[in-house]
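I set out to record what could be looked up in this chain, entry by entry. The charged pairs come before the annotated segment and the surface.

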Amino acid sequence: MVNAGAMSGSGNLMDFLDEPFPDVGTYEDFHTIDWLREKSRDTDRHRKITSKSKESIWEFIKSLLDAWSGWAVMLLIGLLAGTLAGVIDLAVDWMTDLKEGICLSAFWYSHEQCCWTSNETTFEDRDKCPLWQKWSELLVKQSE
């Protein structure tokens, strides 16, 4: 219980922190993890879930969700990391080409993507794409 001095603001904050929180297990030195204790808790939790899974379909579904939750989180993290890497790769290409010029049909296209959409460009003439305008051509109206 918190003393009246801590509630009024005249007490010490450490007095409040010294009292244990209900339903929260604490370690004696607050510096290390007791791996045996944590493994024991996890084993007990797993046994409880497994025994309850035989009671009903809902408990069985909850046990399956518990069993696969780690894999689901890893899958989501992998998908998000891959998506972020792809977005960064596309953004780097676009920003690198943005230094040279811009695609007139869609400004978010890089030089290569802009020329893919052009039906007038062949592989041999890939540097002469009519949709891609260099900044010097666009602003000053003259080629380098």
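**Entry 1. A pair within one helix**

With which residue does K62 form a salt bridge? I note first that the model I am consulting is predicted. I found that K62 pairs with E59, and the closest N and O atoms of this salt bridge are 3.4 Å apart. I placed both K62 and E59 in helix α4, where 3 residues, about one turn of the helix, separate them. The helix itself covers residues 57–98.

I then looked up the accessibility of the two partners. Is E59 buried or exposed? I record E59 as buried, because its relative accessibility is 15% and the cut-off for buried is under 20%. K62 is partly exposed, with a relative accessible area of 38%. I also listed what E59 touches beyond its neighbours within four places in sequence: the contacts are K52 and S53.

**Entry 2. A pair in helix α3**

I turned next to helix α3, which spans residues 35–52. There I found a salt bridge between R41 and E38, with the closest N and O atoms 3.8 Å apart. Both residues belong to helix α3 and stand 3 residues apart, about one turn of the helix. I noted R41 as partly exposed at a relative accessible area of 41%. E38 is likewise noted as partly exposed, at 29%.

**Entry 3. A pair between helices**

Which residue forms a salt bridge with D66? I identified R45, and the closest N and O atoms of the pair are 2.9 Å apart. This pair links distant parts of the chain, since D66 is in helix α4 and R45 in helix α3, with their positions 21 residues apart. D66 has a relative accessible area of 26% and is therefore partly exposed. For R45 I wrote down 38% relative accessibility, which also counts as partly exposed.

I followed this pair further and found that D42, R45 and D66 are linked in a network of salt bridges. My count of salt bridges for the model comes to 5.

**Entry 4. The annotated segment**

I consulted the UniProt record, an unreviewed entry, which annotates residues 68–92 as "transmembrane region". In the model I read these residues as 100% helix and 0% strand. The C-alpha atoms at the two ends of residues 68–92 are 36 Å apart.

I then examined two residues, W68 and V92. W68 is located in helix α4. I record W68 as exposed, because its relative accessible area is 55% and exposed means over 50%. V92 is found in helix α4 as well. At 44% relative accessibility, V92 is entered as partly exposed.

How far apart in space are V92 and S110? I noted 9.5 Å from C-alpha to C-alpha, for a separation of 18 residues in sequence.

**Entry 5. A nonpolar patch**

Last, I looked up the nonpolar surface. Which residues form a nonpolar patch there? I listed I57, W58, F60, I61, L64, L65, W68 and W71. Together these residues have about 970 Å² of accessible area. I marked W68 in particular, since this patch member is the exposed tryptophan of the previous entry, with a relative accessible area of 55%.

Technical notes. Residues are numbered from 1 along each chain as its sequence is written. This is a predicted model: local features need pLDDT of at least 70, side-chain atom pairs count only at pLDDT 80 or more; totals for chains, interfaces and linings use all residues. Side-chain values use heavy atoms; hydrogens and water are left out. Helices (H or I, at least four residues) and strands (E, at least two) are DSSP runs, numbered from the N terminus. Buried means under 20% relative accessible area, exposed over 50%, partly exposed in between (1.4 Å probe, protein chains only). Contact means heavy atoms within 4.5 Å. UniProt positions are given in the numbering used here, feature names are shortened, and annotations may be inferred rather than shown by experiment. Patches are made of residues with over 30% relative accessible area and no salt bridge: like charges are joined within 9 Å, nonpolar side chains (Val, Leu, Ile, Met, Phe, Trp, Tyr) within 5 Å. Accessible areas come from the Shrake-Rupley method with a 1.4 Å probe; for residues, only the protein chains shown count as cover. A salt bridge is a side-chain nitrogen of Lys or Arg within 4 Å of a carboxyl oxygen of Asp or Glu.
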